Structures are given as structure tokens and as C-alpha cells.
Amino acid sequence: MAGADGDDSLYPIAVLIDELRNEDVQLRLNSIKKLSTIALALGVERTRTELLPFLTDTIYDEDEVLLALAEQLGNFTMLVGGPEYVHCLLPPLESLATVEETVVRDKAVESLRKISQEHSPVDLEVHFEPLVKRLASGDWFTSRTSACGLFSVCYPRVSSTVKAEIRQHFRTLCSDDTPMVRRAAASKLGEFAKVLELDYVKSDIISLFTALASDEQDSVRLLAVEACVSIATLLPQEDLETLVMPTLRQAAEDKSWRVRYMVADKFSELQKAVGPEITKNDLVPAFQNLLKDCEAEVRAAAANKVKEFCENLPEDSREQIIMTHILPCVKELVSDTNQHVKSALASVIMGLSTILGKDNTVEHLLPLFLAQLKDECPEVRLNIISNLDCVNEVIGIRQLSQSLLPAIVELAEDAKWRVRLAIIEYMPLLAGQLGVEFFDEKLNTLCMAWLIDHVYAIREAATCNLMKLVEKFGAEWAQNTIVPKVLGMANDPNYLHRMTTLFCINALSEACGQDITTKQMLPVVLKMSNDQVANVRFNVAKSLQKIGPVLDSNALQSEVKPVLEKLATDTDMDVKYFAQEAISGKLVFPPPAAETSLYVRFYRSGKPDDHAVFLSSSTVLSLALHNVLWCWGGYGWDCIIVGLEWGGPVFPSNLVFFFPPLVQYFFLK
């Protein structure tokens, strides 16, 4: 029996070994994802002595399997016995940190950083720090790149002697022959600097920063720029000019556009790190040069920082610096040849109005806004319209209407229908920015004019636009402003415009609610059922089907049903088809109270549903069955009760039928 128990206890590890050796990658991956379960089954001691050595010896697999393993091991501390035994996880993670695939190495380093916090200071020096040294002095670049991410997590908790060794290893990696290692070291330079003592930052880190910022590989130099932000925040103000700024100036004028792009991208952070004086003396000229850079990517990155840079300028000289140094560059970018540059500028330029005030905005910025509003790139126009509220707060709605609105109106009447379409798409956004009163005064007429445009895409977009406006301004506004004008189009001599009336009613009915739909819209739709054009008549049937759920039962029975029955006998095949679809497909009409009718109640999961469908006895039987089955299929009811109604339902118990497995047809006589 003891032997059998022993064999049983070996079963989990045997299953794991079998699945890990399986040819199917998915099976191996699933096995790795179950490691925690297997470890629990084995217990902490056997996990340490059997499972982890096995995993360490068999790390030769597909990258996705190794990635899953690296992630799992980061959460294994308690499964190996807690922090006291966490060092047992180091061998397999060390192996994973040396593999060729970058994502696996990164995940292994992430797990190592995580479990390093669970080591005691003694264990850190005995087990973790030797691992870092082995990785840092490994023959393959893969291990050395992984080591770069581990220095900062162990440095604060080790002795002074070990700290000196760690600093030496990091210096060695910063001057490694392999660019990938130097790149990894540069990416962790700022992080490592944050855990060092200030004296070592000045003596060690600055020299490393200068060397990496002058590296022959631009991929290394640009990462040094990122480290510059962290280093600058650590140093006293008096040391920045001598220790950091020469290297930063060099990076801002680097021959590689990628390095200059990184400087532009990090410019606001650099500005905050170096302080106001250095900003005025050094960063303002550097920012000007970046805004005028020969590469569009650099100009776009710098343009995106214009507002933030201006906000962070010293208050006493902010306006003077912007007007003298920044605004001339901005004016040039407005007419830049690259649309990404113009779009980046358009997304932030409106924010300058709150910084410069009303007078400067009217005199200097409004002409730029106007030029961008007429730009051929849709994204530029959208970015301007999206931020009109910034300008509105500064110069007021009247000034805004006199300056920018004429340009919007001009675009709305452009000969190219795609330009008109773009303005329509911006209109709900613009309406929200300007408010209902201003919209009614200046833009309402424009929106209604789009409904009779000769291009269908414009009429369709205008209909959607009205729906969004009603959602924004409310049903009362629609009743007083929009609905009368829409309904007036029902008498237009052009049948396309009459059809647009129906499309608008379809779109507006739900937003306007039952009362407006029933009292104002429905009579117009019913009247249009007599239209001479068949296209209008079949769209009436479709509209009645669309607005049916909004209407009350009396309107459906007394007004909608007769019109649909009439259209169902129309001479035009399309009209007949859509009328029959409206009757049989979606609308279910309640019968008069005095009429005997078929009564159907639906049950879901054995409980009566609130929905009930009444079918008049005069309704064709096939139509009744169609409605019953359509409703059952659409809502997933599992049974029905059928009865007869004479002013009130009667439910005979013998008429209970269950669906599925068999759908039965019942003829009540």
C-alpha cells in the first residue's frame, strides 16, 4: 500500500512531464499554466526538490511556453515555502533571462524584480546578487541585457562593498561592445540613478550619461535623452548647467532625427526638471529649432508640446517669450507641408488663447484658427472645431461668430460634397460647444438646408445630425424648432425630399418620445400613404414599422393597422411587400375589447413573462402562427399558455404546450 501511495504521489509530476514532452504546443502551454495546481499537489518540499529542477533542466521550448513559465514563476513564492525559500526560484528564472526571445527575457526580468523584494537582505547578497553578477558577465549579450534591469532593485539593500561591485558592473555594461547591451543600460540609467547616493550620481552617472549620449548608435543616444529627465531631477540647480546642459544641447542638435524627436517628445518634462532660468536661456532657442526642424516627425512632436511648453514658462516673461519666439514658429507650422504636423498643432493651438488673453487671441491667433479651419486635411479642421470652447471662454461667442463662423458656413456650402459631409459630422460637437441659443440663431437654417441636398449621403448624414442634436438639446427644443420644419417637407414637390421627411421621422421618433410622435409625426406619415410615388408609399410602411414601438396600442389599432392593410393591397409589389412585412414581421395589434380573440401568454424558465400577444380572431391564422413563433424565437420563451378571451383571458389548464423539442400548431375552434 505504501508503494502504491508513493506511485500515486508521483502522478502529478508524471502528467506534467508527459504534457511538457507532447508534440502539441498547446498541450505544453496548458501544462505550464497549471503549474501552480501541480505545485500545490506536490507540496512545497517536492516543488523545490523535483519540480523546479525539472523546469530548470527543460527550458528548451517554444517562446509562448517559456513566456508563460516566466510569468508563472513570479507568483511562486508561497508555493515553494515562502520568502525563506524564494531563492529556489532563481535558477529557472536565470535560465529564462538568457534566452534569445526578448519578450521572454523581459518577463523573466520582471519576475526576478518581483521576487527580489521578497528576499531578506542576507539572502539578497547570498543568492540574488551573485545571479546579477553572473548575468552581467555572461558570454552572450542576452544575459547582459537582462542584468541591466536588476541592478536598481538590489542596490539599496546590499552592503557598501557589494554596492561598489554593482556600480562597477553597470559601468562595464554601459561601455559594452554590443549595442544591444549599451541600449539596455541606457534605458535603465535613469532608474539606476534614482537609487544611487548623490555623490555617485555626480561622479559615476554623469560620466556614463555623457558617454551614452555620444554613442555611435542613435538608438543608444535617444535612450540617454530619456534618462536625462531623471538625472536632472536629482541634481541641485547649480549643478545642472555644468553637468547636464552641454549634453542636452548636443542632443537637441543631434544629426539623427530620432534623437531630436526624443528631445521634442520629452521637452515638457525636461523643462520642469531644469527650472525657469535654464528654460529661458537654453530651452527656448532649442524649442524654436525643433519647431523648425527639417524632419516632419520632429516638428510634429514639438508642435504637440507647444501649449504645455508655453504654460510652463515663467509668468513674468511668458507672454513676451511666446509673442517673440514661439508664435512666429507657430505661424509657419500652420501652413506646413505635412498634414501630421498641422494636425498636431491644431490639437493644442486653441489652448494658447487662454494663455495670451483676449486681445492677442483676436489679433494673432484667430487668423491662424481661420486658416486651419479651411485646411484641406479633415483632421486639422476637426481638431480646431473640437476645441472652440477654449476660444469661446476668452473672446466670447459674438466675437467667435464674427470671425470663425463664416468659414464654417462657407465650408458647409462647399461645392465638394465630401467637404460638406465633414462639416455635418462636426456639427453636433460644434453645437455642444456653442450652446442652443447661438445654434438656433446661426446654424439651424444650415442644418435644415442639408436635408434637401442633391447628394443622398449628405441628406442621410443630415438626418443623423438632427437625431444627435435632439439628444443634445432635448425633445422640447425639437418640437419647437426641428419637427415643424421636417414635417413641412412632406408637401415638397420633390419626392426625394418627401422621403427625407420619413427618414427624419424614423430617426427622431425615439428621441422625441411617444407624445410628439403620435400627435405630430404619425398624422403626416399616414397622410403620405396616399402619395403618388411608390417609393414614398413603401417607405411609409417601413416608417410605420420603425415608429410602431414608440406608439401606444390605441394608435396602432385604430390608425396604423388600417393604413398597413390598405398598403398590403397596393398595386406596387414593393409597397405590398413592405406593408406585409410591417404587419407580420414586427407589429402585433391588440383587438377591440368586445371581440373574441386568441390569447397567448409566454413563460421563460417556468415563470410568466410580462409580454403578451393578442391576435384578433379575424386575423388570418397563418399570420397568427407567424407572430407567435416569431415572438417565441426572438425572446427565447420555453412554453406558452393559449386561451380564448371574452373581455378577459381564460386559461384552460389542458392548453399548456412546451417548446422545444417539438413546435406544435394549435387550431382553436
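# Briefing: charge pairs, aromatic pairs and contacts

A search of the whole structure finds 27 salt bridges. The model is a predicted one. By the rule applied to ring centres, the count of aromatic pairs comes to 13. The points below take up three salt bridges, a network of charged side chains, a chain of phenylalanine pairs, an aromatic cluster, a negative surface patch and some C-alpha separations.

**Salt bridges between distant parts of the chain**

- Side chains of opposite charge can pair when their charged atoms come close.
- D336 forms a salt bridge with R299, and the closest N and O atoms are 2.8 Å apart.
- This pair links distant parts of the chain: D336 is in the loop between α24 (318-334) and α25 (339-346), while R299 is in helix α22 (residues 296-303), with their positions 37 residues apart in the numbering.
- Both partners, D336 and R299, are buried.
- D375 forms a salt bridge with K342, with 3.1 Å between the closest N and O atoms.
- Here too distant parts of the chain are linked, as D375 sits in the loop between α26 (352-373) and α27 (378-386) and K342 in helix α25, 33 residues apart.
- D375 is buried, and K342 is buried as well.
- D531 and R498 meet through their side chains in a salt bridge of 2.7 Å, N to O.
- D531 lies in the loop between α37 (514-527) and α38 (534-547) and R498 lies in helix α36 (residues 495-512), so this salt bridge ties together parts that are 33 residues apart in sequence.
- D531 has a relative accessibility of 13% and therefore counts as buried, the cut-off being under 20%.
- R498 counts as buried because its relative accessibility is 10%.

**Salt-bridge network**

- R113, K188 and E191 are linked in a network of salt bridges.

**Aromatic pairs around F287**

- A pair of aromatic rings is described by the distance of the centres and the angle of the planes.
- F267 and F287 form a tilted aromatic pair, with 5.1 Å centre to centre and 40 degrees between the planes.
- The two rings come from distant parts of the chain: F267 belongs to helix α20 (residues 267-274) and F287 to helix α21 (residues 276-291), 20 residues apart.
- F267 and F287 are both buried.
- The rings of F287 and F309 have centres 4.3 Å apart and planes at 25 degrees, so this pair is stacked.
- Distant parts of the chain are linked by this pair as well, with F287 in helix α21 and F309 in helix α23 (residues 306-311), 22 residues apart.
- F287 and F309 are both buried.
- F267 has a relative accessible area of 2%, which is why it is classed as buried.
- The C-alpha atoms of F267 and F309 are 7.7 Å apart in space, and the two residues are 42 residues apart in sequence.

**Aromatic cluster**

- F151, Y155, F170 and F192 form one aromatic cluster.

**Negative surface patch**

- E62, D63, E64, E100 and E101 form a negative surface patch.
- Within this patch, E101 is placed in the loop between α7 (90-96) and α8 (102-116).
- E101 is partly exposed, with a relative accessible area of 30%.

**C-alpha separations at G138 and L327**

- G138 lies in the loop between α9 (121-136) and α10 (141-148).
- G138 counts as buried because its relative accessibility is 17%.
- G138 and T98 are 40 residues apart along the chain, and their C-alpha atoms are separated by 8.8 Å.
- L327 is placed in helix α24.
- At a relative accessibility of 2%, L327 counts as buried.
- L327 and L352 are 25 residues apart along the chain, with 9.8 Å between their C-alpha atoms.

Methods:
Residues are numbered from 1 along each chain as its sequence is written. This is a predicted model: local features need pLDDT of at least 70, side-chain atom pairs count only at pLDDT 80 or more; totals for chains, interfaces and linings use all residues. Side-chain values use heavy atoms; hydrogens and water are left out. Patches are made of residues with over 30% relative accessible area and no salt bridge: like charges are joined within 9 Å, nonpolar side chains (Val, Leu, Ile, Met, Phe, Trp, Tyr) within 5 Å. Accessible areas come from the Shrake-Rupley method with a 1.4 Å probe; for residues, only the protein chains shown count as cover. A salt bridge is a side-chain nitrogen of Lys or Arg within 4 Å of a carboxyl oxygen of Asp or Glu. Lys and Arg count as positive and Asp and Glu as negative; His and the chain ends are not counted. The place of a charge is taken as NZ of Lys, CZ of Arg, CG of Asp or CD of Glu. Helices (H or I, at least four residues) and strands (E, at least two) are DSSP runs, numbered from the N terminus. Buried means under 20% relative accessible area, exposed over 50%, partly exposed in between (1.4 Å probe, protein chains only). Rings of Phe, Tyr and Trp (its six-membered ring) pair if their centres lie within 6.5 Å; planes under 30 degrees apart count as stacked, over 60 as edge-to-face and the rest as tilted.
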